[in-house]
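Subject: Structure for your review

Dear colleague,

Please find the structure below, together with its sequence. My notes on what was found in it follow directly after.

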Amino acid sequence: MRHLALLLLGLCMAISAAESEDPCQQGSAMAANLCHGPAWQAAEDELQRSYDRLLSHFKEYEPELVVELRDAQRSWIRQREQSCSLYARSRVQGSPWTGFWAAQCMAEQARARAAWLKSMLEDEF
């Protein structure tokens, strides 16, 4: 019986250790960044794909808009970085969570921008 209890205790400790390695199960700012990093990257990838599709469309059908799109996108990127930095710092000034909130904001903004860029293509057809 004692061996069974020790075995169960060891199993529980192993499960607990495995759970603590999952960044989504930890409570630290760094763990949260690791957990939500893939979502931010997915939003950035979708934004890039949307921009590239619209850019290709403009190059083929409306070349006079290519430079304007590029400039608008660069301006939007600067505005997003400033806005998300302000947002994050207003929530938790000087905290390790500032990066988390900035990343969350940037992902949300990237998703919204991707949808807007896609809508420009949808309006064309």
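Leaving aside its neighbours within four places in sequence, which residues is Thr98 in contact with? They are Ala88, Arg89 and Val92. Thr98 itself has its place in helix H4. With a relative accessible area of 17%, Thr98 is buried, because the limit for that class is under 20%.

Before the other findings, I should state that this is a predicted model.

Confidence and overall architecture

The mean pLDDT of the protein is 81, and 70% of its residues reach 70 or more. Confidence is lowest in helix H1 (residues 2-20), where the mean is 43, and highest in H3, where the mean is 95. Over residues 3-20 the pLDDT stays under 50, and for this stretch the model has 2 contacts beyond four places in sequence. Where pLDDT is low, the predicted coordinates should not be read in detail.

The protein has 4 helices and 0 strands, so that the order of elements from the N terminus on reads α-α-α-α. Of the 125 residues in the protein, 26% are buried. Among contacts with a separation of 6 or more, 65% are between residues 24 or more positions apart.

The nonpolar core

The largest nonpolar core has 14 residues, and those with the most contacts inside it are Leu47, Tyr51, Leu54, Leu55, Phe58, Leu69 and Leu117. Helix H2 (29-61), helix H3 (66-92) and helix H4 (98-124) are the elements that give two or more residues to this core. H2 provides the largest share, with 6 residues.

Leu54 gives a closer view of this core. Apart from its neighbours within four places in sequence, Leu54 is in contact with Leu69, Leu117, Met120 and Leu121.

Ser50 also has its place in helix H2. This serine is buried, with a relative accessible area of 1%. Setting aside its neighbours within four places in sequence, Ser50 is in contact with Ala114, Leu117 and Lys118. Leu117 thus appears in the contact lists of both Leu54 and Ser50.

The disulfide

The count of disulfides comes to 1. Cys84 and Cys105 form this link, with their sulfur atoms 2.1 Å apart. The pair joins distant parts of the chain, as Cys84 is in helix H3 and Cys105 is in helix H4, 21 residues apart. The link of Cys84 and Cys105 is left-handed, with -70° about the S-S bond.

Are these two cysteines buried or exposed? Cys84 is buried, with a relative accessible area of 0%. Cys105 also counts as buried, at 11% relative accessibility.

The aromatic residues

A search of the whole structure finds 3 aromatic pairs, and I describe two of them here. Tyr87 and Trp101 form an edge-to-face pair, at 6.5 Å centre to centre and with 85° between the planes. Because Tyr87 lies in helix H3 and Trp101 in helix H4, this pair ties together parts that are 14 residues apart in sequence. Tyr87 is partly exposed, with a relative accessible area of 33%, and Trp101 is likewise partly exposed, with a relative accessible area of 22%.

Trp97 and Phe100 form another edge-to-face pair, at 5.3 Å centre to centre and with 85° between the planes. Trp97 is partly exposed, with a relative accessible area of 28%, whereas Phe100 is buried, with a relative accessible area of 8%.

Ring pairs link Tyr87, Trp97, Phe100 and Trp101 into a cluster. Which residue lies over the face of Trp101? That residue is Arg91, at 3.7 Å from the ring centre.

In summary, helices H3 and H4 are linked by the disulfide of Cys84 and Cys105, and the pair of Tyr87 and Trp101 also ties together parts in H3 and H4. Both of these helices, together with H2, give two or more residues to the largest nonpolar core. For helix H1, the mean confidence of 43 is the lowest in the protein.

With kind regards

Conventions:
Residues numbered from 1 in each chain as written. Predicted model: local features only at pLDDT ≥ 70, side-chain atom pairs only at ≥ 80, totals over all residues. Heavy atoms only, no water. Core = buried A, V, L, I, M, F, W, Y, C linked by side-chain atoms within 4.5 Å. Buried < 20%, exposed > 50% of the residue type's maximum accessible area, 1.4 Å probe, protein only. Contact = heavy atoms within 4.5 Å. Disulfide = S-S within 2.5 Å. Phe/Tyr/Trp six-rings, centres within 6.5 Å; stacked < 30°, edge-to-face > 60°. Lys NZ or Arg CZ within 6 Å of the ring centre and 35° of its normal. pLDDT = per-residue confidence, 0-100.
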